Amino acid sequence: MISIKTNEEIELMKVAGSIVGDTHHYLEQYIKPGITTKELDVLAKKYILSRNATPSFEGLYGFPGAICISINDEVVHGIPGNRKLKNGDIVTLDIGACYKGYHGDSAWTYKVGNVSKEVDELLKHTEEALFEGLKEVKPGNRIGDIGYAISEYAKKYNLGVVKELVGHGIGNHVHEDPDVPNYGKKGTGPILKEGMCIAVEPMLNMGTAEIYMLDDDWTIITADGLPSAHYEHTVAVTKDGYTILTKR
Ligand code: MG
Ligand code: MG
């Protein structure tokens, strides 16, 4: 069932979302060669708690970190640990925060030091793909319109669209109905209505769209070892479009 949030609920979603956006902003200064992903995770958790919220992903389905941190060919769900960021890496922080029972969810891929031109373009195009998808978010449009826009944009740049992982409705739970795939057919899927809250999150690969899971049962990586980028915002459908809840 797709829930329609009341104005009061949207206000709480806005607070949760702004905490997520601020956590990204806070962590950005620490993204440098030499820092471990565990150190970033500890900073994230402390910051989220300081805002009277809790990290949404900690313990979610048993996840062992506060946030997901995925490097280079890791697509999603990287577990924070002793790995150090290196110059030329890219790192995705996927951050969720729960405030008074409502969640915000936003992922962003960052450059560590200097990256190659190819990698830089992967990041630029994946961020742009997110906004191409968001342009379709308005009452009367359908979920398939979002995925269609994202995959058409990705096609132009020969980027692999990850299909096994999708965006989602969000509210009292991080993952609610409907699924929001990054591919689809125009004019298909559930109809968007004012008051729905969804997370739109293209994951685009420089090479193949194929992925697999590491033995840790969490980390998803690209099958060809090429890098993957991931940009996500939580948005609320408004009367004539959408508002981003996870702004930084
Ligand atoms: Mg996320
Ligand atoms: Mg999400």
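This is a short tour of a predicted model, going from one selection to the next.

**Stop 1: the metal site**

Start by selecting the magnesium ion (ligand 1), and show the side chains around it. Which residues coordinate this ion? They are D94, D105 and E232, with D94 listed twice through its OD atoms, and the distances run from 2.0 to 2.6 Å. Along the chain, these donors follow the spacing D-x10-D-x126-E.

Now add the magnesium ion (ligand 2) to your selection. The two ions are 3.1 Å apart, and D105 coordinates both. D105 sits in strand β5 (residues 102-111), while E232 is in the loop between β13 (228-230) and β14 (233-237), so this pair ties together parts of the chain that are 127 residues apart in sequence. Are D105 and E232 buried or exposed? Both are buried.

**Stop 2: an aromatic pair**

Stay with strand β5 and select W108, then add Y231. These two make a link between distant parts of the chain: W108 belongs to β5 and Y231 to the loop between β13 and β14, 123 residues apart. Turn the view until you can see both rings. Their centres are 4.8 Å apart and their planes meet at 80 degrees, so the pair is edge-to-face; the cut-off for that label is over 60 degrees. W108 counts as buried because its relative accessibility is 10%, and Y231 is buried too, at 2%. The cut-off for buried is under 20%.

How many aromatic pairs does the structure hold? There are five. For another one, select Y153 and Y157: this pair is tilted, with 5.1 Å from centre to centre and 50 degrees between the planes. Y153 is buried, with a relative accessible area of 8%, whereas Y157 is partly exposed at 36%. You can also look at Y26, Y30 and Y47, which form one aromatic cluster.

**Stop 3: helix α4**

Y153 is one of the buried residues of α4, so select that whole helix next, residues 143-156. At 1.5 Å a residue, its 14 residues should span 20 Å; the C-alpha atoms at its ends are 21 Å apart, which agrees.

Is α4 mostly covered or mostly open? Ten of its 14 residues are buried, so mostly covered is the answer. Among the buried ones are I143, I146, A149, I150 and A154. To see what they pack against, show α3 (117-134), β6 (160-161), β8 (176-180), β9 (197-200) and β10 (203-205). Just past the helix, click on N158, which follows α4 and has a positive phi, near 55 degrees.

**Stop 4: the nonpolar core**

I146 of α4 leads us on to the core. The largest nonpolar core has 51 residues, and those with the most contacts inside it are V91, L93 and I146. In soluble globular proteins, nonpolar side chains tend to be buried together. Select V91 and look around it: leaving aside residues up to four places away in sequence, V91 touches I31, I69, S70, I71, L85, W108, T109, Y110 and V112. You have already met W108, in the pair with Y231.

**Stop 5: a buried lysine**

Finish with K5, in the segment before α1 (7-28). K5 counts as buried because its relative accessibility is 7%. Where does its side chain reach? Follow the side chain of K5 to the backbone oxygen of I170, at 2.8 Å. Not counting residues up to four places away in sequence, K5 touches I10, I170, G171, E176, G195 and C197.

Key:
Residues numbered from 1 in each chain as written. Chains lettered and ligands numbered in written order. Predicted model: local features only at pLDDT ≥ 70, side-chain atom pairs only at ≥ 80, totals over all residues. Heavy atoms only, no water. Core = buried A, V, L, I, M, F, W, Y, C linked by side-chain atoms within 4.5 Å. Buried < 20%, exposed > 50% of the residue type's maximum accessible area, 1.4 Å probe, protein only. Contact = heavy atoms within 4.5 Å. Donors = N, O, S within 2.8 Å, 3.2 Å for Na, K, Ca; no water. Helix = DSSP H or I, 4+ residues; strand = E, 2+ residues; numbered from the N terminus. Polar contact = N/O pair within 3.5 Å; in protein donor to acceptor, adjacent residues only side chain to side chain. Expected span 1.5 Å × (residues − 1). Phe/Tyr/Trp six-rings, centres within 6.5 Å; stacked < 30°, edge-to-face > 60°.
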